[in-house]
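Here are a few quick notes on how the two halves of this chain meet. Have a look at the model first, then read on.

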Amino acid sequence: MASQDGSDISPVFEAQRSAYVHVPFCRRRCFYCDFPVSVTGDRRHGGNFSPVDRYVDSLCQEIQTWSGQGKMGLETVFFGGGTPSLLTVGQVEKILRAIDGVFGIVPGAEISIEVDPGTFDRDKIAGYIGSGVNRFSLGVQAFQDELLQVCGRSHSVAEIHSAIEILNAVGADNFSIDLMSGLPYQTPQQWQESLSKAVAIAPAHISVYDTIVEPKTPFARYYEPGVFPLPDDDTSAEFYRQTQKVLTTAGYEHYEISNYAKPGFQCRHNRVYWHNRSYYGFGMGATSYVNGQRFSRPRTTTKYAQWVETFVANNGKINCEVVTERDRLLETLMLGLRLAEGVSLDAIASEFGQETVDTILEILQPYIEKEWVKMIPERNAIRLSDPEGFLYSNAVLSSLFADG
Ligand code: SF4
């Protein structure tokens, strides 16, 4: 591997225990989405569609080109997208075989896949389980057809219920559902209804994302943040507080700003990101963070396929961006403060020095006084309070970024 300035850097691979696999295909593009995706149209079983097959070939070639580093044994693998459930069982098996062959997947590893309603049946989910998948993340977003249409989602509420029936019927009991708050025209009553339905379904895990108007998306053309039909800031804040109250009352731990889990069901893969630990990333648009170096792949399928050819021809040599110490510190704080367990000041001191800890505490003092930031003396850690600190995390983090 070579650094950005071209000097050789020896890769160190022993720390990576996680891999992200990007599956970029979606039946259509949702109106709020700016992820790297390739639109397939309405092909429920995208595997018969040759671009998907070609992509899986490129992906496996990329994975195999990382061989020779030794089998460290992965503890988590995450198929994200895109809509990974457009893959056939055979394609998922092929990718997992490639990963296991190169890195090894330890027994008991968490293997997650994102699935969308209307893209799978019982056989597919049973087949995924047979190939080793043991956690499912279902993209629900809303329980109202009119809101799904406003978002440009390709499924209906009836398909959400069928999807849940399928997951329950095949014993896929470790599943998560994604919901979105602050959608255009969404009323507090609709949000309460979505939360109640989620609680009634009783998944192991619930992720709740506030709507973000990303540049260059249809949402950015149609809407302005904070202006009707989007909720104003006070209503968004109320949605957040309502979510925290309903889900924690229902027995979910609010373990991360946007994530809730029944005890024992936190997402192990995502915790690797929030702890700013290393991971492999494979596939179009995916980023790896290996040995303090970040590398992002091209964001179109054609350019990704060309990149894989070059990567193979160069025997796995790539130019990585070396993450500076300051960026590593800010990322560690930004990601760690998303977690309810917060950030250990002892860990910060041992990596970045006690002086850095003193500066952080000085910057955060106004927020400690407001009780948005809390000290946890028994662990010498800091965390954001729930819900107010989580709600205003951007203000807290901006101060760290401005002064840190
Ligand atoms: S299904 Fe997910 S990845 Fe695909 S377009 Fe919609 S939001 Fe984006």
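1. I'd start with one pair of side chains: arginine 338 and glutamate 256 form a salt bridge, with N and O 2.4 Å apart. Keep in mind that this is a predicted model, so that N to O value of 2.4 Å is a computed one.

2. Now for the wider setting. The chain splits into domain 1, covering 18-274, and domain 2, covering 325-403. Twelve residues from domain 1 and 13 residues from domain 2 make up the contact. Between the C-alpha centres of domain 1 and domain 2 the distance is 29 Å.

3. How much area is buried between domain 1 and domain 2? It comes to about 1,200 Å², and carbon and sulfur atoms account for 55% of that. On the domain 1 side, Arg241, Ile257 and Trp274 are the ones to click on: they supply 43% of the area that domain 1 buries against domain 2, more than any other three residues.

4. As for polar links, the count between domain 1 and domain 2 is three salt bridges. There are also nine residue pairs in polar contact between domain 1 and domain 2, both residues being at pLDDT 80 or more.

5. Which elements supply the side of domain 1 that touches domain 2? Helix 8 (233-249), strand 9 (253-256) and helix 9 (268-274) each bring at least two residues. Helix 8 gives the most, with four residues. By type, the residues on this side of domain 1 are six nonpolar, three polar and three charged.

Terms used: Residues numbered from 1 in each chain as written. Predicted model: local features only at pLDDT ≥ 70, side-chain atom pairs only at ≥ 80, totals over all residues. Heavy atoms only, no water. Domains from an automatic or database assignment. Contact = heavy atoms within 4.5 Å. Buried area = accessible area lost by both parts, 1.4 Å probe. Salt bridge = Lys/Arg side-chain N within 4 Å of Asp/Glu carboxyl O. Polar contact = N/O pair within 3.5 Å; in protein donor to acceptor, adjacent residues only side chain to side chain. Nonpolar A, V, L, I, M, F, W, Y, C, P; charged D, E, K, R; others polar.
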